[in-house]
Amino acid sequence: MTEGTSDLPSNVPKERPTALAQPPETLTGLRRGSVSRVAVGIPAILATFRHAWGEAGIVRGSKALLKLNQKDGFDCMSCAWPDEDGHRSLAPFCENGAKAVADETTTKRLEPELFARHSVAELSRRSDYELNALGRLTHPMVLREGASHYAPIPWEDAFALIGRELNALASPKEAIFYTSGKVSNEAAFLFQLFARQYGTNNLPDCSNMCHESSGVALTTTLGLGKGTVTLEDFSLADVIVIIGQNPGTNHPRMLTSLQTAKRKGARIISINPLPEAGLLRYRNPQEVLNTLGEGTKLTDLFLPVKINGDTALLKGIIGELLLLEEAKPGAVLDHSFIEAHTEGFDAFLNAARRVDWDVVVRESGIAR
């Protein structure tokens, strides 16, 4: 195959002189339709096997799924929802997890010959999705200074190249070891051991990028930048407020925990500009009757805020709580806890008392 021809899609642009710094914005398969009122169930089960078997084959794909999130297996790289300490079910993962594992265990292979046929400039005009669909790398590759194509490099030479670059630094602190969200916990653990042995803890990853702002806010307000409860605490909650996240889409395993809490009497409030099917009704694939029926109703109160209207809504909720506290002191606020474990609460109260209800309604889109 000559330069310019391709086993990439037919709409690949011809060779251009420079590579793009960012992948192109590509819209694929967008469609409009009615909002689903229930999530998971049999369609999710079928999709799980379609992805696993389609990428890895029946035997290889099934073996991977049987090891996923098991004590003698490996952790899912799709999300960080905690595992139960006791008995693990046969399939303690969601459709997203199955897709992630299918992607990692794919039988598609990206051989050096493809890099010889297609320059960096040409490949840079493919979307991340298209590049990922080419398969897994089979050899380490290197882009030499002034070269237009990646070229294969022996493992020994690759390690030597990395070693020379690291040893040439004035300090280990000058190095950054980045990991993708697709990296498994097991691989990330080994990677951070290497970085710390080298002499640095500069280990940013996708969690840092996604959660840096929330981590700073939580550290400032609570003193800890991460969650302060256990999975067991979650299932015993009386009220669960879901805001700023889409569990049914991004970490569906949370739906099972929401179902458990709901069956124990919890009330669930969902704050989202769009109704998410997973927070309306949930068909648990681990329960045969639940899978075939209408599923479990999760959300008790759905608040469809305007985009960027969550701050106004929260101010309104705080204002209402203060009004209830003033009407019945001690019934809403735990004053002993506030005095012992908080600071700046009086300033917070003064700011909250100045809530403009007209502004709250207008900016949040939620009537008082």
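This passage walks through strands, a buried serine and salt bridges in a predicted model.

Strand β6 is a good place to start. It covers residues 239-243, and its side chains alternate between two faces. Ile-240 and Ile-242 point to one face and are buried, whereas Val-239, Val-241 and Ile-243 point to the other and are not. The partner here is strand β7 (residues 267-271), which runs parallel to β6 and is joined to it by 5 bridges. Within this pairing, Ile-243 of β6 sits opposite Ile-271 of β7.

Elsewhere, 3 strands make up an open sheet with mixed pairing, in the order β1-β8-β9. The edge positions go to β1 (39-40) and β9 (296-297); each has a single partner strand, so one side of each has no neighbour in the sheet. Strand β8 (residues 281-283) runs antiparallel to β9, and 2 bridges hold up that pairing on paper. One residue match to look for is Tyr-282, whose bridge partner in β9 is Thr-296.

Next comes Ser-364, a residue of helix α18 (residues 357-364). Ser-364 counts as buried because its relative accessibility is 0%, and the cut-off for buried is under 20%. A polar atom of the Ser-364 side chain lies 2.6 Å from the backbone oxygen of Val-360. Setting aside neighbours within four places in sequence, Ser-364 also contacts Val-305, Lys-306, Gly-309, Ala-312 and Leu-313.

On to charged pairs. Side chains of opposite charge can pair when their charged atoms come close. The structure holds 7 salt bridges, among them one between Glu-55 and Lys-108, with the closest N and O atoms 3.8 Å apart. Glu-55 belongs to helix α1 (residues 42-56) and Lys-108 to the loop between α3 (95-104) and β2 (109-110), so this pair ties together parts 53 residues apart in sequence. Both partners are partly exposed: Glu-55 has a relative accessible area of 23%, and Lys-108 comes in at 37% relative accessibility.

Arg-126 and Glu-130 form another salt bridge, with 2.8 Å between the closest N and O atoms. Here Arg-126 counts as buried at 6% relative accessibility, and Glu-130 counts as buried at 19%.

Then there is Lys-262 with Asp-300, a salt bridge whose closest N and O atoms are 2.4 Å apart. This pair links distant parts of the chain, 38 residues apart: Lys-262 is in helix α12 (residues 253-263), and Asp-300 is in the loop between β9 and β10 (301-303). Lys-262 is buried, with a relative accessible area of 18%, while Asp-300 is partly exposed at 30%.

Terms used: Residues numbered from 1 in each chain as written. Predicted model: local features only at pLDDT ≥ 70, side-chain atom pairs only at ≥ 80, totals over all residues. Heavy atoms only, no water. Buried < 20%, exposed > 50% of the residue type's maximum accessible area, 1.4 Å probe, protein only. Helix = DSSP H or I, 4+ residues; strand = E, 2+ residues; numbered from the N terminus. Pairing = 2+ DSSP bridges. Polar contact = N/O pair within 3.5 Å; in protein donor to acceptor, adjacent residues only side chain to side chain. Contact = heavy atoms within 4.5 Å. Salt bridge = Lys/Arg side-chain N within 4 Å of Asp/Glu carboxyl O.
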